[in-house]
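Let's take a walk through a protein model together, going from a few chosen residues out to the whole fold. Keep the 3D view open while you read.

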Amino acid sequence: MTVECTYREAMREAMREALRADERVFLMGEDVGRYGGCFGVSLGLLEEFGPERIRDTPLSESAFVGAGIGAAINGLRPIVEIMTVNFSLLALDQILNNAATLQHMSGGQIQVPLVIRMTTGAGRQLAAQHSHSLEGWYAHIPGLRVLAPATLPDARHMLAAALADPDPVIVFEHGSLYNTAGALDPGSPADSAAADITHAAVRRPGTDVSLVAYGGSLPKALEAAERLAADGISAEVLDLRTLRPLDQPALTATVGRTHRVVVVDEGWRSVGLSAEVAARIAESAFYELDAPIERVCTAEVPIPYARGLEEAALPQAADIVAAARRTVG
């Protein structure tokens, strides 16, 4: 049955389903219980599942991520929520030196089936310490799977696959997506099957230029594609969805269809995810390109608080349109 829901509600239903399906699943993090999560994603779960499975934690990211790693090693299926990616740096030692490495350092004897959810991105005037896009940093780390659901079906269904993964999985939820709403069929087998955690997805077919985006940048890429269509330019929009491992065949295939590429990334341009995507396209499909690869990224400054400055720093649909037009000449 199709229902109207928000991205936030889709994430909540995904956790509710996981908690009902498996007693080993529990949620842990700052304010996830009585407050319902700093962005309201876990609202009502404490009342339904109790404090043993919806656990409020102290303000100590390293401690509760470490506790999640220990629980995962001992057979549970923890979901650890970190308020924003900026705060996750306090737990980076646990994520990089323990969660990502233990299976490899133990010769496969120790698995860490841990899911870490965190908010990323800007656009809500929360200033520099709450607004950065550091998912490219995590996509750099072997041993992790890094997801960026951007649509309602992905928000609803990716969590189940993440919990079934024997490796640690980090799920980045862009803050600007929480209030996006639309129709969703929670029981749709097609949506469930499509929301895998391995493959990129073509969100809009096109023939003239590929717009490669993910997470909070996907709606802007789709808006840019609409504007380009009005000028007779057919843009294909590829949603990466999984930032590690990247879906290399999908990148090669989209270049083969359009021969021009614009990579959209809310991270910084220097040494970022957009650079990795561009390099992989150059390695695998250089002779398919009819124009240099364009990148549309955040200005290389800490995200400003003032609305006008914040908007100026972030990739916008108009920037994507301008880059696409440069590729088609």
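## Ile82, tucked inside

Ile82 is buried: its relative accessible area is 1%, and the cut-off for calling a residue buried is under 20%. One thing to keep in mind from the start is that this is a predicted model. You'll find Ile82 in strand S4, which covers residues 77-84.

Who does Ile82 touch? Skipping the neighbours within four places in sequence, its contacts are Glu61, Phe64, Val65, Phe87, Ser88, Ile116, Arg117, Met118 and Thr119. For a sense of distance, try Ile303: it sits 221 residues from Ile82 in sequence, and the two C-alpha atoms are 20 Å apart in space.

## Met118, a partner of Ile82

Now hop over to Met118, one of the residues in contact with Ile82. Met118 belongs to strand S5, which runs over residues 115-120. Is Met118 buried or exposed? With a relative accessibility of 1%, Met118 counts as buried, because buried means under 20%.

If you leave out residues up to four places away in sequence, Met118 touches Ile82, Val85, Ser88, Tyr138, Ile170, Val171, Phe172 and Glu173. Ser88 is worth a click, since it appears among the contacts of Ile82 and among those of Met118. Val209 gives you another distance to try: Met118 and Val209 are 91 residues apart along the chain, with 32 Å between their C-alpha atoms.

## Two partly exposed loop residues

Next up is Thr180, in the loop between strand S7 (169-174) and strand S8 (181-184). Thr180 has 33% relative accessibility and counts as partly exposed. Apart from neighbours within four places in sequence, Thr180 is in contact with Cys5, Thr6, Tyr7 and Leu152. Ala190 is ten residues from Thr180 in sequence, and their C-alpha atoms are 21 Å apart.

Ile293 sits in a loop too, between helix H12 (273-285) and strand S14 (294-298). Ile293 also counts as partly exposed, at 23% relative accessibility. Which residues does Ile293 contact, leaving aside neighbours within four places in sequence? They are Val261, Val263, Ala278, Ile281 and Ala282. Take a look at Val263: it is 30 residues from Ile293 along the chain, yet their C-alpha atoms are separated by 7.6 Å.

## Backbone oddities

Some spots are worth a look for their backbone angles. Gln125 isn't a glycine, but it has a positive phi of about 55°. You can find Gln125 in the loop between strand S5 and helix H7 (135-139).

Arg241 has a positive phi as well, near 60°, and it isn't a glycine either. Arg241 is in the loop between strand S11 (235-239) and S12. Being in a loop doesn't put Arg241 on show: Arg241 is buried, with a relative accessible area of 3%. A bit further along, the peptide bond from Arg244 to Pro245 is cis, with omega near -5°. Pro245 lies in the loop between strand S12 (242-244) and helix H11 (248-258).

## Checking a helix

Helix H1 makes a nice ruler exercise. H1 has 15 residues (7-21), and at 1.5 Å a residue it should span 21 Å; the end C-alpha atoms are 21 Å apart, so the two agree.

Which residues of H1 are buried? The list is Tyr7, Arg8, Ala10, Met11, Arg12, Ala14, Met15, Arg16, Ala18 and Leu19. Tyr7 has already come up, as one of the contacts of Thr180.

## Zooming out

Time for the big picture. The protein has 14 helices and 14 strands. Its radius of gyration is 19 Å, close to the 20 Å that the globule rule gives for 329 residues, so the protein is as compact as a globular protein of that length. Along its principal axes, the C-alpha trace spans about 60 × 45 × 40 Å.

Buried residues make up 54% of the 329. Of the contacts between residues at least 6 apart in sequence, 82% join residues at least 24 apart. The accessible surface comes to about 13,600 Å², and carbon and sulfur atoms account for 55% of that. As for charges, there are 27 positive and 41 negative ones, and their mean positions are 0 Å apart.

Methods
Residues are numbered from 1 along each chain as its sequence is written. This is a predicted model: local features need pLDDT of at least 70, side-chain atom pairs count only at pLDDT 80 or more; totals for chains, interfaces and linings use all residues. Side-chain values use heavy atoms; hydrogens and water are left out. Helices (H or I, at least four residues) and strands (E, at least two) are DSSP runs, numbered from the N terminus. The radius of gyration is taken over C-alpha atoms; the globule rule is 2.2 Å times the number of residues to the power 0.38. Buried means under 20% relative accessible area, exposed over 50%, partly exposed in between (1.4 Å probe, protein chains only). Contact means heavy atoms within 4.5 Å. Accessible areas come from the Shrake-Rupley method with a 1.4 Å probe; for residues, only the protein chains shown count as cover. Lys and Arg count as positive and Asp and Glu as negative; His and the chain ends are not counted. The place of a charge is taken as NZ of Lys, CZ of Arg, CG of Asp or CD of Glu. The expected span of a helix is 1.5 Å times one less than its number of residues.
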